[in-house]
Amino acid sequence: MTTRLAVIPGDGIGPEVVAEILPVLAWVQGRGRDLAWEVHPWGADHFLATGEILPEGAFLDLRDRTDGILFGAVGDPRVPDGRHAEGILLRLRRDLELAVNERPCHPLLDGHLPLRGVAARDVRITVFRENTEGPYCLKGITEPGRATDLAEHTEQAVRRLLEAAFRKAAAGERSITLAHKANVLKHGHGLWMRLFQELRATHPAVEARSMHADALLCALVQDPRPFGIIAADNYLGDLISDLLAAFQGGMGVAPSLSWAPHRPFRCGALAEPVHGSAPDLAGRGMANPTGMFLCTALLFGHLGWQEEAGLLESAVRHALLAGAASPDLGGHLRTGEMGAAIRAGLPA
Ligand code: NAD
Ligand code: IPM
Ligand code: MN
């Protein structure tokens with residue numbers, strides 16, 4: 001069966017980094033993979049021009065007739081309440097039940113780490129961020145003199161996230177650390193702690209511990225080497241993954257894959273860089289497309305195309321090792337030049 005991908009470039013630098021990955025899809029096709037893709041207009045421009053965010057028919061088409069989504073970024077100063085970002089990105093994560101947002105931190109160059117004496121190859125962390133709940137349930141209210149954001153945690157989603165994280169830790173012989181604030185968030189993070197203890201008991205071979213998230217952040221900056229998998233709720237996982245982006249060279253490098261461990265729908269994964277739409281860079285040819293390349297490799301791996309995933313990752317590694325660098329990495333390459341430098345490492 002043809003593998004169908006949906007491409008959503010979105011806003012700001014989203015279309016600029018996505019443009020660099022489209023030739024890679026043609027490369028995959030050229031290698032004999034039965035692949036088709038469609039580029040969709042959802043984003044701020046489309047919303048402002050038509051009032052449409054993500055029409056129901058389009059959502060159902062993504063859900064039931066595609067195998068994965070390649071996503072650039074959403075967010076636009078002309079839509080200050082971010083309603084289109086909620087209706088596109090957060091909706092896809094929630095309604096495709098993509099409970100896991102996997103955010104690897106595998107720095108490629110020593111020079112990218114702002115930490116003294118730590119070699120890039122010694123840092124091998126992957127954040128497993130719950131991707132559908134917590135404060136992202138968006139059940140809040142602003143009243144006179146008071147504003148409330150609810151953070152909802154269900155046993156089902158937390159269990160899905162933790163089971164996936166423990167499976168990954170068990171397969172890779174890595175440790176797992178739960179980031180939490182159960183000392184304050186007694187109910188929500190209390191639930192996380194209870195399920196974490198339960199899974200720890202059923203995975204005796206995995207070295208598992210929990211840490212208060214504030215202490216964890218300090219420990220990560222002092223020495224990230226002891227950490228393997230870090231499991232966290234949606235909010236803490238978001239914050240931790242941006243800290244870890246700094247260990248990879250910055251926001252332009254960090255990749256992520258959102259996926260549904262229980263495979264409820266045909267569309268089981270969404271590749272999204274950790275960065276946003278970077279309005280400060282949009283239209284200037286200065287965006288680093290590396291994160292987009294790396295998250296496409298994660299999607300290929302998810303689709304079972306291990307060989308293409310590996311080739312794409314090593315093309316990125318070779319380009320960076322050879323000195324390819326956009327301004328955020330201290331170089332002068334423009335987005336298109338950076339993309340070309342990476343693609344040059346792909347075999348014909
Ligand atoms: P951001 O990630 O867009 O930018 C943060 C900083 O990182 C900026 O200095 C930016 O120039 C830099 N940066 C980001 N991507 C880069 C790249 N590829 N190459 C080089 N430098 C890069 O985060 P922000 O400024 O907090 O948010 C801007 C908008 O993006 C907001 O609307 C926000 O809601 C949205 N956002 C969207 C996503 C997403 O779609 N997944 C993620 C984060 C933020
Ligand atoms: C991310 C972003 C999003 C998030 C925003 C744009 C809603 O920061 O993908 O990390 O908070 O999840
Ligand atoms: Mn974020």
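These notebook entries record what I looked up in a predicted model of a protein with two ligands.

**Entry 1: strand β3**

I began with β3, which spans residues 68-73. Six of its six residues are buried, so the strand is largely enclosed by the rest of the structure. I then asked which strands pair with β3. Strand β1, residues 3-10, runs parallel to β3 and is joined to it by five bridges. Within that pairing I noted alanine 6, whose bridge partner in β3 is isoleucine 69. Strand β12, residues 269-271, also pairs with β3 in the parallel sense, over two bridges. Here leucine 70 has alanine 271 of β12 as its bridge partner. As a general point, I kept in mind that side chains in a regular strand alternate between the two faces of the sheet.

**Entry 2: ligand 1**

I next listed the surroundings of ligand 1 and found 20 residues around it. Those that come nearest are Val74, Gly276, Ala278, Asp280 and Asn288. By class, I recorded 11 nonpolar, six polar and three charged residues in this shell.

I then looked up individual distances to oxygen atoms of ligand 1. For valine 74, a polar backbone atom is 2.9 Å from a ligand oxygen. For glycine 276, the atom concerned is again a backbone N or O, at 2.7 Å from an oxygen of the ligand. For aspartate 280, an N or O atom of the side chain lies 2.8 Å from an oxygen atom of ligand 1. Taken alone, ligand 1 exposes 800 Å², and the protein buries 65% of that area.

**Entry 3: ligand 2**

Which residues are around ligand 2? I found Leu90, Arg93, Arg103, Arg129, Tyr136, Asp238 and Glu272. The shell divides into two nonpolar and five charged residues, with no polar ones.

I looked up three side chains with an N or O atom close to an oxygen atom of this ligand. The distance is 3.1 Å for arginine 103, 2.7 Å for arginine 129 and 2.5 Å for tyrosine 136. Ligand 2 taken alone exposes 320 Å², of which the protein buries 71%.

**Entry 4: asparagine 101**

I followed arginine 103 to asparagine 101, since the side chains of the two make a polar contact of 2.6 Å. Asparagine 101 is found in strand β4, residues 100-105. Is asparagine 101 buried or exposed? Its relative accessible area is 0%, and I therefore recorded this residue as buried, the limit being under 20%. A second polar contact, of 3.1 Å, joins its side chain to that of serine 258. Leaving out residues up to four places away in sequence, I found that asparagine 101 touches Val127, Phe128, Arg129, Asn131, Ser256, Leu257, Ser258 and Glu272. Arg129 and Glu272 are also among the residues around ligand 2.

**Entry 5: positive phi values**

Finally, I checked two residues other than glycine that have a positive phi. Leucine 138 has a phi of about 60° and lies in the loop between β5 (125-130) and β6 (140-143). With 41% relative accessibility, leucine 138 counts as partly exposed. Arginine 263 has a phi near 45° and is found in the loop between β11 (257-259) and β12. Its relative accessible area is 46%, so I entered arginine 263 as partly exposed. The β12 that follows this loop is the strand that pairs with β3 in Entry 1.

Conventions. Residues are numbered from 1 along each chain as its sequence is written. Chains are lettered from A and ligands numbered from 1 in the order in which they are written. This is a predicted model: local features need pLDDT of at least 70, side-chain atom pairs count only at pLDDT 80 or more; totals for chains, interfaces and linings use all residues. Side-chain values use heavy atoms; hydrogens and water are left out. Buried means under 20% relative accessible area, exposed over 50%, partly exposed in between (1.4 Å probe, protein chains only). Helices (H or I, at least four residues) and strands (E, at least two) are DSSP runs, numbered from the N terminus. Two strands pair if DSSP finds at least two bridges between them. A residue is near a molecule or strand if one of its heavy atoms lies within 4 Å of it. A polar contact is a pair of N or O atoms within 3.5 Å; within protein, one must be able to donate a hydrogen and the other to accept it, and residues adjacent in sequence count only if both atoms are side-chain atoms. Accessible areas come from the Shrake-Rupley method with a 1.4 Å probe; for residues, only the protein chains shown count as cover. Ala, Val, Leu, Ile, Met, Phe, Trp, Tyr, Cys and Pro count as nonpolar, Asp, Glu, Lys and Arg as charged, and the others, Gly among them, as polar. Contact means heavy atoms within 4.5 Å.
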